[in-house]
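Colleague: I should like to learn how to read sheets, helices and domain contacts from a set of coordinates. May we work through one example together?

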Amino acid sequence: MTDHVMDAAFRPAALDRAVQGVLGRPVDRIEGPAKVSGAANYAYEGTPDGTAYAAIVGTPVGSGRILRIDDTAAKALPGVIAVIHGDKRMPAGESNSRAMPLFDTATILHLGQPVAIVVAEHQEIAREAAALVVVEVEAGTPRYDVAEQTVDTNPDIGFLAPVDIGDLDAAMASAAVTLDRTYTTPVHFPAALEPHATTAWWEDGKLIVRTSSQVIGGARKTIANALKIDPDSVRVLAPYVGGGFGGKTGVGSEVILAAIAAEAIGRPVKIALPRRQTAYMVHHRSHTVQRVRIACDADGVISGFGHESVAAQNDDGEFLEPVPFGTLPLYRGEARRFRTDLVRVNLPASGAVRAPGEAVGTFAVECAMDELAEQLTLNPLELRRRNEPETDPVSGKPFSTRRMLDCYAQGAAWFGWPETVPAPGSVREGEWLIGIGMAAALRGNFTVQAQARVRLEADGRATVECDMTDIGTGTYTILAQMAGEMLGLPVADVNVRIGDTDLPPSAGSGGSFGAGSATAAVALACEDILAELARRMNAAPEELRLKDGCVSVGTRQVSMADLVRGDPIVAMGKTGPGAESKRTSQASHGAQFVEVAVNAVTGETRVRRMLGVFDVGRVLNAKTAANQIVGGMIWGISYALGEEAVVDIRTGSFVNPDFGEYHVAVNADVPQIAVHFIEEIDDSANPAGAKGVGELGISGAGAAVANAIYNATGIRVREFPVTLDKLL
Ligand code: MOS
């Protein structure tokens with residue numbers, strides 16, 4: 001077996017020569033039939049013999065300390081096997097943005113903090129018993145109201161360093177035109193449809209965890225760290241994941257508690273968080289308060305840009321919403337100030353939720369650009385064009401690929417964006433006010449360490465193996481497409497095995513880095529297999545032509561199976577951030593266009609149509625990539641119009657921790673959505689040439705909706721979401 005390691009980014013020459021014609025095609029999800037027929041096993045399915053069921057007990061108050069836990073009544077319930085509590089803590093792992101205290105009697109960080117786990121013969125018994133556990137507390141002085149807390153302007157958490165270039169105050173003082181506005185966004189839940197669920201059991205001293213996780217390699221380390229055991233004795237399985245949205249990037253307390261309980265009772269233990277408990281035991285996206293300042297000349301050319309925010313976290317959490325992550329390189333402007341300050345609160349942990357930073361950062365900045373355009377009497381599209389930077393305005397680095405101007409131009413053409421935007425409130429159809437809005441989208445691109453093993457089997461078919469996850473994104477399919485393209489095999493002849501930490505460590509699904517990193521590793525492994533095939537054909541690799549399982553050199557043609565014969569040909573590909581990731585500034589880009597109708601009587605908003613044009617490097621699968629973007633755009637509608645987790649500042653509880661009251665966009669809220677890609681292979685990004693997709697679609701989407709609502713009504717709402725009460 002060979003190891004193919006990438007040092008700097010490059011495009012495998014074999015990918016340019018490939019003629020299979022499957023990469024990029026809108027291939028249906030290869031695991032689709034297993035999912036719709038029920039054959040695909042999710043974390044809560046497939047019960048090992050003797051499985052017991054668990055439920056978690058949370059604290060009844062949001063601050064203070066625990067005096068005593070009385071489990072007498074719970075233990076007396078028939079069918080209860082054990083009630084486990086005690087003084088343990090779960091450490092914050094390096095990959096774990098869901099650092100959660102466990103059984104910590106000293107400090108209550110938030111309401112519903114896990115303090116005990118009940119194990120029983122049935123789920124219903126476990127949940128009933130959990131309700132019977134009495135947690136006696138001494139209440140502390142809570143901090144539930146974000147607005148009332150002292151702001152820490154020098155937080156020691158968060159990965160995004162503040163940017164302070166030039167003199168923004170001076171730029172604001174001397175500019176012909178300025179804008180200074182503050183916007184707020186509420187708590188957002190990641191709200192995956194599949195519950196956070198785990199089945200854990202011990203087998204010959206090894207812990208096996210079936211869990212709903214986006215990044216199983218990281219999960220394995222975090223679990224080992226929490227239980228103080230060797231990572232090699234932990235195996236994490238997540239063959240199918242029903243949505244993650246950031247909420248499953250880390251390891252939740254239910255995972256560790258299930259492992260502890262399984263060890264304690266010597267049986268497999270299974271747990272699924274009830275929806276309402278998910279609000280407390282899974283991280284959410286923080287509230288934000290965002291001040292945007294822009295200084296420009298009379299033509300709208302920006303000289304100063306400020307995006308300064310405050311986000312919340314509890315006393316334990318180490319994640320700080322990187323609010324300006326997507327806006328840092330968006331527009332020109334010599335003087336720049338970008339920062340996020342912190343307030344500490346007694347609320348469940350804030351963490352990474354799809355498009356950390358830009359999902360909410362673009363709300364403020366893209367609405368501010370709309371406000372500025374109106375002040376300048378300039379088409380908002382033209383204002384953005386005039387401020388397109390030539391190099392990264394923070395780092396000064398060249399962009400790897402940036403087709404933002406093309407996204408604006410193509411989007412405007414396809415949507416029918418007018419030269420002159422109608423005056424706010426001027427277009428009316430009966431009782432409906434009609435408006436249009438647009439926004440830019442940007443998501444930073446990452447390539448991360450990833451490995452993949454590819455085996456060309458004796459029957460001429462290929463197997464791809466790595467510990468990637470498919471969270472509904474299309475991972476299975478794009479890995480098969482990349483291997484099929486490189487090796488000249490139909491997708492049906494590629495078997496993909498993922499979701500098991502016994503397989504080579506891959507990227508995981510997060511940060512929009514999964515697809516590019518994982519397919520790059522597959523491409524590199526395939527290059528080595530091609531070299532071996534060429535050797536067997538007594539030819540140079542560039543002479544090979546591979547199509548539909550046949551290898552030909554000139555007029556000689558051999559079937560793949562005949563060429564492999566005997567032992568499989570196995571190769572390992574490894575990729576990671578190369579020199580090009582440092583030399584260039586990398587991001588995916590896009591432009592969002594929306595038309596809304598707002599009812600003048602009820603204030604109800606209907607999104608009528610939505611169109612986006614995106615630059616994501618190579619499109620690995622036109623269908624799954626577009627699906628990702630559409631999902632993001634729908635979330636933009638959802639964020640703009642409805643999503644808001646309301647904190648009861650008297651108790652630190654969420655008023656609406658379920659799908660009945662936390663409103664996500666449903667089919668009836670979503671109009672026809674058109675997605676177009678401007679494809680330019682980005683060789684600086686990774687050998688696959690693919691930039692991030694998953695988190696791009698939500699970027700700017702909500703702002704485009706809010707801008708359209710303003711255009712329809714003349715009402716500018718700066719406190720999201722734009723609910724109907726704010727429009728009347
Ligand atoms: Mo993402 S918030 O890294 O799943």
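Colleague: Let us begin with a single pair of residues: which residue in strand 23 does S552 stand opposite?

Modeller: Please keep in mind throughout that this is a predicted model. As a general idea, strands of a sheet pair through backbone hydrogen bonds, either parallel or antiparallel. Here S552 stands opposite Q557 in strand 23. Strand 22, residues 550-553, is joined to strand 23 by four bridges, and the two run antiparallel.

Colleague: In what order do the strands of that sheet lie?

Modeller: The order is 21-22-23, in an open sheet of three strands with antiparallel pairing. Strand 21 (545-547) and strand 23 (556-559) each have a single partner strand, so they stand at the edges and one side of each is left without a neighbour in the sheet. On average, and ignoring direction, neighbouring strands are turned by 20° against each other.

Colleague: Which strands are the edge strands of the open sheet of five strands?

Modeller: That sheet has mixed pairing and the order 16-17-25-26-29. Its edge strands are strand 16 (428-429) and strand 29 (672-677), each pairing on one side only. Strand 16 is joined to strand 17 (residues 432-444) by two bridges, in antiparallel fashion, and E429 stands opposite W432 in strand 17.

Colleague: Which strands does helix 17 touch where it packs on the sheet?

Modeller: Helix 17 (residues 701-713) touches strand 17, strand 25 (587-599) and strand 26 (605-615). The direction of the helix makes about 155° with that of strand 17.

Colleague: How does one read the length and the covering of such a helix?

Modeller: One sets its end-to-end reach beside the span expected at 1.5 Å a residue, and then counts its buried residues. Helix 17 has 13 residues and reaches 19 Å from its first C-alpha to its last, close to the expected 18 Å. Of its 13 residues, 13 are buried. Just after this helix, G714 takes a positive phi of about 80°.

Colleague: How many residues of helix 7 are buried?

Modeller: Ten of the 13 residues of helix 7 are buried, and the helix is mostly covered. Among the buried ones are V255, I256, L257 and I260, and E254 is also included. Helix 7 spans residues 253-265 and reaches 18 Å, close to the 18 Å expected. Just after helix 7, G266 takes a positive phi of about 65°.

Colleague: Why does T401 count as buried?

Modeller: Burial is judged by counting C-beta neighbours. T401 counts as buried because it has 23 of them inside 10 Å. This residue lies in the loop between helix 10 (380-386) and helix 11 (404-415). Beyond its neighbours within four places in sequence, T401 is in contact with D615, G617, E680 and D682. By contrast, T401 and P568 are 39 Å apart, C-alpha to C-alpha, and 167 residues apart in sequence.

Colleague: How is the chain divided into domains, and how many residues of domain 1 are in contact with domain 3?

Modeller: The division gives domain 1 (2-30 + 448-576), domain 2 (52-141 + 191-281) and domain 3 (288-446 + 582-727). In domain 1, 29 residues are in contact with 24 residues of domain 3. On the side of domain 1 that touches domain 3, helix 12 (475-487) and helix 13 (514-536) are the elements that give two or more residues. Helix 13 provides the largest share, seven residues. The residues of this side divide into 15 nonpolar, eleven polar and three charged. The C-alpha centres of domain 1 and domain 3 lie 36 Å apart.

Note on methods. Residues are numbered from 1 along each chain as its sequence is written. This is a predicted model: local features need pLDDT of at least 70, side-chain atom pairs count only at pLDDT 80 or more; totals for chains, interfaces and linings use all residues. Domain bounds come from an automatic or database domain assignment. Two residues are in contact if their C-beta atoms, placed from the backbone, lie within 7 Å. Ala, Val, Leu, Ile, Met, Phe, Trp, Tyr, Cys and Pro count as nonpolar, Asp, Glu, Lys and Arg as charged, and the others, Gly among them, as polar. Two strands pair if DSSP finds at least two bridges between them. Axes are lines fitted to C-alpha atoms, for helices over the stretch in contact, and angles run from 0 to 180 degrees between N-to-C directions. A residue is buried if 20 or more other C-beta atoms lie within 10 Å of its own, exposed if 12 or fewer, and partly exposed in between; C-beta atoms are placed from the backbone. The expected span of a helix is 1.5 Å times one less than its number of residues.
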